[in-house]
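Me: I'd like to go through the side-chain contacts of this model with you, asking each time what earns a contact its label. Shall we look at it together?

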Amino acid sequence: MSKSECCRFFKKATRQTPFEYLLNYRIKKSIPLLLSDQYNITEISESVGFSNASYYTEIFKRVMDLSPTKYKKEKLEKVEAF
């Protein structure tokens, strides 16, 4: 199977390119780290495979519709409300 055939098959099965899948996977893996308060944005971005924090933030906003900081703030506010 060629690379292009593999990519077409992957996109047909997942409705996203392999690269889009990887970015979404990295963002999902970063959420527990973001909510843990143990790491800053730079450490989180590097630990999930992004080259720098600004690119991580850009992709996070695209995937989650919020910045990492705002996402964390909103999630923590919901926890505190209980």
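Me: What makes E58 partly exposed?

Reply: Its relative accessible area is 43%. Buried means under 20%, exposed over 50%, and partly exposed in between, using a 1.4 Å probe and protein chains only, so E58 counts as partly exposed. Before we go on, this is a predicted model, where local features need pLDDT of at least 70 and side-chain atom pairs count only at pLDDT 80 or more, while totals for chains, interfaces and linings use all residues. Residues are numbered from 1 along each chain as its sequence is written, and side-chain values use heavy atoms, with hydrogens and water left out.

Me: With which residue does E58 form a salt bridge, and what earns the name?

Reply: The partner is R62, with the closest N and O atoms 3.4 Å apart. A salt bridge needs a side-chain nitrogen of Lys or Arg within 4 Å of a carboxyl oxygen of Asp or Glu, so E58 and R62 qualify. R62 is exposed, with a relative accessible area of 54%.

Me: How many salt bridges are there?

Reply: The count comes to two. D37 also forms one with K72, where the closest N and O atoms are 2.5 Å apart. That pair links distant parts of the chain, 35 residues apart. At 17% relative accessibility K72 counts as buried, whereas D37 is exposed at 56%.

Me: Why is the pair of Y21 and Y25 called stacked?

Reply: Their ring centres lie 6.4 Å apart and their planes are at 15°. Rings of Phe, Tyr and Trp (its six-membered ring) pair if their centres lie within 6.5 Å; planes under 30 degrees apart count as stacked, over 60 as edge-to-face and the rest as tilted. So Y21 and Y25 are a stacked pair.

Me: And what makes F60 and Y71 edge-to-face?

Reply: Here the centres are 5.5 Å apart and the planes are at 75°, so the pair is edge-to-face. F60 and Y71 are both buried, and ring pairs link them with F50, Y55 and Y56 into a cluster.

Me: Why do C6 and C7 not count as a disulfide?

Reply: A disulfide is a pair of cysteine sulfur atoms within 2.5 Å. The sulfur of C6 is 5.7 Å from the closest cysteine sulfur, in C7, which is too far for a bond. The disulfide count comes to zero.

Notes. Helices (H or I, at least four residues) and strands (E, at least two) are DSSP runs, numbered from the N terminus.
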